[in-house]
Amino acid sequence: MEQDSPRNQPVLDAFTCIGPACGDTCCAGWSMQVDDETWARWQDLFPPAELASLTSTDADAGRSMARRDCACVALDQGWCRLHAAQGHDVLSKACGGFPRRVASFADGSRLRIAQLACPEIARLALDPTARDGVGPPAPAGEGLRAVMARLAADAPADQRMRALTALTGSVARFAEAEKPAAAGALARSILDRLPQPAGDPLDEPRLLLTLGALVHATGGVWRPALDRLTGRLEAALGVTLDRRTLALDIRGQDDPDVLRAARDAAWRRHAAPSGLARMLDAWIDHQLLASPHAPAAAPLPTTTPETLPGIRLAVTFAMTALAARVAALDLDTDAAPEAEEARTAFAADAAVIARLFEHLSRPALIDALATECGWNSAGRVHGLLSYAMLT
């Protein structure tokens, strides 16, 4: 029996590529594979000499689009000239599918999910002023976010965050319509099964080091959007990351506790009025919806970090939450930007973070990075989830 076509996440119906207006084009910085089916079609479309100039072959990556100055050779003033000349169908599966991927649910339904690695998708999906009417569909009955937001409402923020992360992976095993009820049932016992963090493992500079390691693991290319994100994180944390050696310089004149207190205070003052709180909620909504596709799906945790929904989800959440706090902190400066600018900055940061993780196609790679960057202890993994975003 032929499988039904996947339905679109609503934000995809509102999406249109903005070409040269994009701040982080998907035609640069990616390894754009050319699948065998596309290669066979191109034999009839392009002369041999042009075909040879379009692609390159690597022993590890296989056949992909050739590059010029870190960008695809087909990139022309912000647009793909192949797409412009011959339409969407000429593209390879990798290029033609982005920024979409299909998630399959336990009930057999399929959903085409928008990838936040696309800056325009991130803007539409996260910014409350841009996404009215295109947000994620609410499940039948009470929404999953409402169930999870009430989870351990009186518990400390770090405990709530750990419970939320664990619950995200656990409910991924259920059909979409069953998730809210499943979350409610699981929430009744989840707190008793969470391991406790050891000491005070919250270490945001280590998170910046992890960001640098991710860049090196995905080709070592620091793009303008990534430079902006790194610079804002360095300023907020009071550290400097050497991008060649990955050494962290913690400047003596900046007290980490004072800087963290400033970020906390700025978040409390500005998160709700600016719309940043809604954007972070929208990010969590998106992760919950996409969770069946991610390697995060796992049973409830018992005693080790490996049984959490996954180090990938933990690092992604911590980094995205920190980016939201930095956007709120920007509003606290003497030359404070408008709330719209802060939302724009956070959407761009969230897209950069998502893009880094989209590059990590090998599950073992993130685990190796976690060990190298000191994320291998239960205390650190759990502690880095202690952002008071749901309080």
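In the predicted model, the side chain of Asp35 makes a polar contact with the side chain of Thr38, at 2.8 Å. Asp35 is located in the loop between α1 (10-13) and α2 (36-45). Leaving aside residues up to four places away in sequence, Asp35 touches Ser92 and Lys93. The C-alpha atoms of Asp35 and Gly62 are 8.9 Å apart in space. In sequence, 27 residues separate Asp35 and Gly62.

The second largest pocket was examined next. Its volume is about 330 Å³. The lining comprises 19 residues, and those closest to the pocket centre are Pro119, Arg123, Thr344, Ala347 and Ala348. Three elements each give two or more residues to this lining: α6 (119-126), α11 (224-237) and α15 (339-358). The largest share comes from α15, which supplies six residues. By class, the lining of the second largest pocket holds 10 nonpolar residues, three polar residues and six charged residues.

One of the contributing helices, α6, was considered further. Seven of its eight residues are buried, so α6 is largely enclosed by the rest of the structure. Buried here denotes a relative accessible area under 20%. The buried residues of α6 are Pro119, Glu120, Ile121, Ala122, Leu124, Ala125 and Leu126. Pro119 thus appears in both descriptions: it is buried within α6, and it is among the residues closest to the centre of the second largest pocket.

Definitions and conventions: Residues numbered from 1 in each chain as written. Predicted model: local features only at pLDDT ≥ 70, side-chain atom pairs only at ≥ 80, totals over all residues. Heavy atoms only, no water. Helix = DSSP H or I, 4+ residues; strand = E, 2+ residues; numbered from the N terminus. Contact = heavy atoms within 4.5 Å. Polar contact = N/O pair within 3.5 Å; in protein donor to acceptor, adjacent residues only side chain to side chain. 1 Å grid on protein atoms, 1.4 Å probe; cavity = no way out; pocket = protein on both sides within 12 Å on 5 of 7 lines; lining within 4 Å. Points joined across faces, edges and corners; volume = space filled by probe spheres on them. Nonpolar A, V, L, I, M, F, W, Y, C, P; charged D, E, K, R; others polar. Buried < 20%, exposed > 50% of the residue type's maximum accessible area, 1.4 Å probe, protein only.
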